[in-house]
Amino acid sequence: MTRNMQTLSCRFHPESTLIEDWRAGDTICSECGLVVGDRTIDVSSEWRTFANDTDAKDMCRVGGPDNFLFDNNTFDTMIAKGKGKPAVDEFGQQKYKTTSVQTSSGDRALQDGYNIIRQMANRISLENRIVKQACLLYKKCHDAKCARGYEKEAIAATCIYISCRQGGMPRTIKEICGIAPGVSKVKIGRCFSKIKQELPNFILHEAVDVKNLISRFCGRLELKNHRLIVKVSTHISERAKEICDIQSRAPESVVGAVIYMACAIIGEQKPIKDLGLATGTAESTIRQVYKELSLKVSQLLPTGPEFSACSLRNLPKC
Amino acid sequence: MVMMKLRNPHCTANVWSSGKVTVTGTTSDDDARRGARRIARSLQRLGFKVHLRHYRVVNCLASCSMPWPIDIVKLSRLYPESVSYEPEIHPGATVRLTEKAVLKVFTTGNLTITAPCVERLNTAVNEFYPKLYECRNQRQY
């Protein structure tokens with residue numbers, strides 16, 4: 001709705017400031033008192049509400065703020081709880097109730113999607129802000145119609161994947177497949193590529209951040225020297241990105257091999273099978289990446305007083 | 001849909017009951033045309049009254065390799081609008097050029113090019129070569 005912005009000004013004093021009188025809804029010139037604009041709508045809050053006023057009647061007559069998750073062009077009518085005899089029928093029940101909330105079909109599709117997202121997110125206890133981001137992303141995809149042809153669960157899973165990544169706590173696609181039954185890795189990959197291509201202004205800054213993955217997977221392994229191993233692993237993975245030939249490897253495979261190496265160096269060696277289960281990768285993949293890393297082991301190790309427990313003696317060959 | 005395979009030229013044809021035929025798997029566009037004509041001829045011999053109509057080349061796939069390995073992470077960082085690299089999904093980076101050509105770039109230096117015609121395949125490589133050269137991996141593993 002484009003309209004030329006009406007710049008109000010007093011015709012006798014064009015430079016004077018205008019005072020807004022909310023009581024009468026007038027805009028008054030401060031120099032001569034001429035009423036320049038009338039019927040100004042005050043959009044501030046009508047009543048003040050306090051935190052301890054939970055049971056008190058909500059005096060606000062316009063309802064709550066807009067929920068960005070839904071298309072807000074439908075207006076609903078709600079019938080308040082009535083008091084007095086005419087409002088109550090013979091059994092003591094309210095005579096008139098807000099029976100069915102008429103949601104439009106577009107809203108219903110969105111609502112289904114949001115429910116699916118919330119259910120999936122609950123399975124891995126994602127943070128509230130990530131879930132909200134995922135819902136917003138779902139709405140964007142729905143409006144832009146960019147993921148047509150994919151089922152709701154697939155789009156929901158992809159939205160969760162993207163919002164986890166954007167929120168700084170990436171979940172691997174395999175983990176998302178775990179919380180989304182019926183959605184395969186391939187489908188999420190395709191949906192993700194489609195959304196990346198077609199959604200305007202879609203920016204996914206970094207590649208999957210490995211630090212977060214390392215700390216999570218180490219947590220799954222129940223290590224004694226958890227913090228030290230996480231530090232060593234982070235250092236190794238950053239060095240390995242620069243010097244080793246592991247560019248095309250999936251991040252979870254790299255993390256698996258790196259944690260394996262870190263555990264071996266510190267002396268708390270874990271079998272590759274455990275690593276495979278914790279990261280969700282195959283043992284042979286971890287072995288392959290580990291072989292690549294072990295070619296340059298001496299350059300990958302961290303140096304410093306706190307890393308004195310690291311030794312190359314216990315490094316397994318495979 | 002019936003799948004017909006020819007020995008010479010080596011190709012696979014998908015024949016639909018509507019009359020549409022897709023010929024895939026040949027190594028040159030001339031071979032593709034010969035294969036399409038062979039399919040049409042074999043259908044004529046079977047008794048169907050068919051003609052080869054609306055023949056056109058739809059998709060060409062080529063592969064080549066650069067003599068040096070490529071740093072695809074650097075490539076995806078320098079040109080984020082055209083290069084998409086998701087190691088979880090595919091080990092190669094996908095490059096979408098402005099005019100209907102898609103390259104898949106791998107760390108080994110191999111390239112796979114997909115384009116709607118053969119000429120575009122060549123121009124696509126020429127177009128993207130300077131950027132690949134910029135992102136080559138100088139280190140010897």
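**Close-ups: a pocket in chain B, then chain A**

**View 1. The second largest pocket lies between two domains of chain B.** Domain 1 (2-46) and domain 2 (60-135) of chain B both give residues to the lining of this second largest pocket, so it sits between them; the domain bounds come from an automatic or database assignment. This is a predicted model, where local features need pLDDT of at least 70 and side-chain atom pairs pLDDT 80 or more, while totals for chains, interfaces and linings use all residues. Residues count from 1 along each chain as its sequence is written, chains are lettered from A and ligands numbered from 1 in the order written, and side-chain values use heavy atoms, without hydrogens and water.

**View 2. What lines the second largest pocket?** There are 38 lining residues, with B:V21, B:T22, B:V23, B:Y55 and B:R56 nearest the centre. A pocket here is an open set of points on a 1 Å grid over the protein atoms alone, where a 1.4 Å probe fits, with protein on both sides within 12 Å along at least five of seven lines; lining residues have an atom within 4 Å of a point. In chain B, β3 (21-24), α1 (29-45), β4 (60-65) and α3 (118-134) each chip in at least two lining residues, and α1(B) gives the largest share, 6 residues.

**View 3. Chain A, strands then helices.** Chain A has 11 helices and 3 strands, running β-β-β-α-α-α-α-α-α-α-α-α-α-α along the sequence. Helices are DSSP runs (H or I, at least four residues), as are strands (E, at least two), numbered from the N terminus. Of its 318 residues, 37% are buried (under 20% relative accessible area, 1.4 Å probe, protein chains only).

Note on methods
Buried means under 20% relative accessible area, exposed over 50%, partly exposed in between (1.4 Å probe, protein chains only).
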